[in-house]
Structure formats: structure tokens, C-alpha cells
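Please load the model in your viewer and keep the selection panel at hand, since this tour moves from one selection to the next. At each stop, the text says what to pick and what is to be found there.

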Amino acid sequence: MVTMFATLLSFANEVSFITIKNDAERTSLTLTDVKQGNLLSLKDKNGIVLYKESIQKTGNYTKGFDLTKLPNGTYSFELDKDVEISTIPFSVIAGAVTFNKEDEKVFYKPITRVVGDLLYVTKLSLDEAPLNIDIYYNSSMDNSSHEPVHSETIENTKIIERVYKLTNLNHGNFEIVYHTEGRTFTKSIR
């Protein structure tokens, strides 16, 4: 895991994987190194999904969009990969589309692994954003009631690494809920 995070850190300041060609009525979006199954979304400032597409082919992805028809406001393209989410913000004012490269952001998702009865949680947070971890246990098979087992908030850390011992793993289900940077991620362990 540490090696993976070191690699991610080394790529964090490299050239963008995004190329945007913005003509009068068409914006061409090119993404490099995408994988089949990555998810591309277009969202408004409230997070409402206006467009969503699952990438069908590994390699480079290019698609044209007519963004001039969007109402005035701020929007973003979002590319959801295995361990990261990249956001490409832009604004539309009177049909003019403006991209700001300085506001592009890469957000790393929490990674969850279970080995035996140990739960490993890792997350890269370059801006040291807080990560709230809630662990719930359900002893019944109907998943109707999860009781809280552990809750913790980790702050001021770039590389978050935690290990938790899961008791009763063979007799129930666990649900891990992560809250960070206005997003929620859930992982179920059965």
C-alpha cells in the first residue's frame, strides 16, 4: 500500500491526463489512460448528474459535447476510476464555456481490504482532509439493523492507514461508511 501511495504522489504533479479543445459550439474532451468501466459524469454545482457514461474501451477516450446550451452556472466533468476521482470544473456564461485548469482536482477514495479478521483502511489525502470512518455490525441475515461498533475521525494526515480487528466476522456482516470532502463511500463485508 505504501508503495502504491508513493507512486500516486509522484504522479500527482505531472501533466494532466485531460485535453480540452473548446471551439465556438463544441467542446472536445479527451481523457488518456482510462479503463473499461470507468465512469464519466457531467454534474451541476449541486452535484446533480446531467450526463453519465460508462467507458467502454481501455485507452484514450474522446467525445464532443455542446456545453453552450447549458444554463449559466458552474459545472464539472467527473471521471470515477478505481481509486481516484478526477474533477474538471468549468463555467458557462451566456453560452461561453470557460475551463480553469488550476481548479482541476484529483480525489483519492478510501481503500478497504480484509485479510482474515483484520480490516485494513488506507487513503491518500494530499490536502489532509478529514476522514470519518463508521463501522457497523449486523448479526442477522436480513440486514435490517446495523449496530455501531466503532467511529473515528482522522485529521491532518496525508497518508491514512488503519487496521481494525473484526470480531464475529463468521457470524454476521459489517458495513464501513466513509465520509470525506463532502462524499460518502460504503463498503459491505459479508
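Begin by selecting β7, a strand that is mostly covered, with 8 of its 10 residues buried. Keep in mind throughout that the model is a predicted one, so that every value quoted in this tour is computed from predicted coordinates.

**Partners of β7**

With β7 still highlighted, add β6, which pairs with β7 in the antiparallel sense over 8 bridges. The two strands, β6 and β7, form a hairpin that has 3 residues between them. To see how β6 and β7 are lined up, label Thr74, which stands opposite Ser91 in β7.

Next, bring in β9, the strand of residues 105-108, which is antiparallel to β7 and is paired with it over 4 bridges. Which residue of β9 is the bridge partner of Ile85? Selecting Phe107 gives the answer, since Phe107 is the residue of β9 that is bridged to Ile85.

The next strand to show is β8, which runs antiparallel to β7 and is joined to it by 4 bridges. Here the pair to label is Ile93 and Ala96, with Ala96 in β8 standing opposite Ile93. β7 and β8 form a hairpin with 2 residues between them, and Ala94, in the turn, has a positive phi of about 50°.

Stay on Ala94 for a moment, and colour by accessibility if your viewer allows it. Is Ala94 buried or exposed? Its relative accessible area is 72%, so Ala94 counts as exposed. Ala94 lies in the loop between β7 and β8 (96-99), and its positive phi occurs in a residue other than glycine.

**The second largest pocket**

Now return to β6 and β7 and display the pocket surface around them, because rolling a probe the size of a water molecule over the atoms shows where empty space is left. The second largest pocket holds about 190 Å³ of space, and the elements that give two or more residues to its lining are β3 (39-44), β6 (73-80) and β7 (84-93). The lining comprises 14 residues, and those that lie nearest the centre of the pocket are Thr74, Tyr75, Ser76, Pro89 and Phe90. Thr74, already labelled as the residue opposite Ser91, is thus a convenient landmark for finding the pocket.

Which element gives the most to this lining? It is β6, which contributes 4 residues. If you colour the lining of the second largest pocket by residue class, you should find 3 nonpolar, 6 polar and 5 charged residues.

**A three-stranded open sheet**

Clear the selection and pick β10, β11 and β14, which are 3 strands that form an open sheet in the order β10-β11-β14, with antiparallel pairing. The strands at the edges are β10 (111-115) and β14 (159-165), each of which has a single partner strand, so one side of each is left without a neighbour in the sheet. Ignoring direction, neighbouring strands of this sheet are turned against each other by 15° on average.

Within this sheet, zoom in on β10 and β11, the latter covering residues 118-124, which pair in the antiparallel sense over 5 bridges. A pair to label here is Val115 and Leu118, for Leu118 in β11 is the bridge partner of Val115.

**The loops around Glu128 and Asn156**

From β11, follow the chain into the loop that leads to β12 (131-138), where Glu128 lies. Glu128 has a relative accessibility of 32% and therefore counts as partly exposed. Leaving aside residues up to four places away in sequence, Glu128 touches Asn156, Thr157 and Lys158. A distance worth drawing is the one between the C-alpha atoms of Glu128 and Ile159, which are separated by 8.3 Å although the two residues are 31 residues apart along the chain.

Move across that contact to Asn156, which is found in the loop between β13 (147-154) and β14. Asn156 counts as exposed, because its relative accessibility is 61%. The phi of Asn156 is near 55°, which is a positive value in a residue other than glycine.

**The whole chain**

Finally, zoom out and show the complete protein chain, which has 1 helix and 16 strands. Of its 190 residues, 38% count as buried. Among contacts between residues at least 6 apart in sequence, 54% join residues that are at least 24 apart.

Key. Residues are numbered from 1 along each chain as its sequence is written. This is a predicted model: local features need pLDDT of at least 70, side-chain atom pairs count only at pLDDT 80 or more; totals for chains, interfaces and linings use all residues. Side-chain values use heavy atoms; hydrogens and water are left out. On a 1 Å grid over the protein atoms alone, a cavity is a set of points where a 1.4 Å probe fits but cannot get out, and a pocket is an open set with protein on both sides within 12 Å along at least five of seven lines; lining residues have an atom within 4 Å of a point. Grid points are joined across faces, edges and corners, and a volume is the space filled by probe spheres set on the points. Ala, Val, Leu, Ile, Met, Phe, Trp, Tyr, Cys and Pro count as nonpolar, Asp, Glu, Lys and Arg as charged, and the others, Gly among them, as polar. Two strands pair if DSSP finds at least two bridges between them. Axes are lines fitted to C-alpha atoms, for helices over the stretch in contact, and angles run from 0 to 180 degrees between N-to-C directions. Buried means under 20% relative accessible area, exposed over 50%, partly exposed in between (1.4 Å probe, protein chains only). Contact means heavy atoms within 4.5 Å.
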